[in-house]
Each structure stands twice: as structure tokens, then as C-alpha cells.
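Here is a short report on a helical packing model. Look at the sequence and structure first, then read on.

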Amino acid sequence: MTIKEIEEKLKRVKKGNALIPKLQLKYQSLESGLLTGSSQFQTRVTTSKTNTTENKLLETLQLKDDVIEQLNTLVNERLEVMDLIDQLDEIEEWLVLTMLYVNNLPLDQICREMKISKVNVYRIRKQALDHLAGMVNAD
């Protein structure tokens, strides 16, 4: 795995971090829509060639399954990246990558918390990526 590929994987996780709460909200709205609409199913449904109530329920269930599948994919990718970062021996490298890509912290906050400059954050990030590429390719 090249440095570029590792960096792309880290960036996908960073984007996924922003997507996870949106998907959770979507799932909750689908769930609450199902629960609040359940009283509709107590009334008798007349048979017809197209049963719209059943179709809507099936569509909602399919949407929920799709959201769950997307969430599982994002979480699994996040876990893979966390396992990858955990291979780093240097604590500074581990901290910088975790703060940048897993915790989505802004660069200024990372600088304040680690008491280093932006240049040093980027230098440490580059070193970490180099070390990860070396470890992954050695295996």
C-alpha cells in the first residue's frame, strides 16, 4: 500500500465521520415514521392491485436496511483505519493521525493541545504516513 493509498483511506474515514451522524439521523427519522404510523395498520386495508400502504412500508424498510448497510461500511472502514494507526510506535505520530482523521479536530486545536506549530503537525503527519507505508508493505 502506497503513502497515497493510505492517505486516501484516512481521508475517506474523515469524510465518513461527518456522514455517520447524518445517517443516524436519517435512520431515526425512518424509525420514528414507522412507529408513529403504526396506528394506520390497525384499520382494514382494502385489497387492490397496488397496496400502497404495504409498498410504503416495504420502501421504508428497504431504506432502513440501506442506511444500516452504509453505517456498517463506514464503521468497519473506521475500525480498519484505527487498527492501522495503532501500529505506529511514536506517540506523536499516533496522536496527530488520530486527532486529524479519527477525531476530526481542526489543525489549530491540535497545535494548541500538542503545543506544536502547524509545520510540525504536517511534518509529524508525513512521518507517520511514511512509517505506516513501510509497516504495511513489510507485512
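The buried residues of α2 are Thr 60, Lys 64, Val 67, Leu 71, Leu 74, Glu 77, Val 81, Leu 84 and Ile 85. Buried means under 20% relative accessible area, exposed means over 50%, and partly exposed lies in between (1.4 Å probe, protein chains only). An α-helix has 3.6 residues a turn, so residues three or four places apart point the same way. Helices are DSSP runs (H or I, at least four residues), numbered from the N terminus.

This is a predicted model, in which local features need pLDDT of at least 70, side-chain atom pairs count only at pLDDT 80 or more, and totals for chains, interfaces and linings use all residues. Residues are numbered from 1 along each chain as its sequence is written, and side-chain values use heavy atoms, with hydrogens and water left out.

α2 has 34 residues. From first C-alpha to last, α2 reaches 49 Å, close to the 50 Å expected at 1.5 Å a residue. That expected span is 1.5 Å times one less than the number of residues.

**Cores**

A nonpolar core is a set of buried Ala, Val, Leu, Ile, Met, Phe, Trp, Tyr and Cys residues joined through side-chain atoms within 4.5 Å. The largest one has 25 residues. Ile 6, Leu 10, Ile 85, Leu 97, Ile 110 and Val 121 have the most contacts inside it. Five helices each supply at least two residues of this core: α1 (3-36), α2 (52-85), α3 (91-102), α4 (107-114) and α5 (118-138). A second, separate core has six residues, including Ile 20, Leu 30, Leu 71 and Leu 74.

Leaving aside residues up to four places away in sequence, Ile 110 touches Met 99, Leu 100, Leu 105, Lys 115 and Val 121. Contact means heavy atoms within 4.5 Å.

**Helix pair**

α3 and α5 pack at about 100°, with axes 9 Å apart. α3 is therefore roughly perpendicular to α5 (65 to 115 degrees). On the α3 side, the residues include Val 96, Leu 97 and Leu 100. Among their α5 partners are Val 121, Ile 124 and Ala 128. The contact residues divide into eight nonpolar, two polar and three charged.

**Positive phi**

Two residues other than glycine have positive phi.

| Residue | Phi | Loop | Relative accessibility |
|---|---|---|---|
| Asn 104 | near 55° | between α3 and α4 | 30%, partly exposed |
| Lys 115 | about 55° | between α4 and α5 | 72%, exposed |

Conventions
Axes fitted to C-alpha atoms, helices over the stretch in contact; angles between N-to-C directions. Parallel < 35°, antiparallel > 145°, perpendicular 65-115°, else oblique. Nonpolar A, V, L, I, M, F, W, Y, C, P; charged D, E, K, R; others polar.
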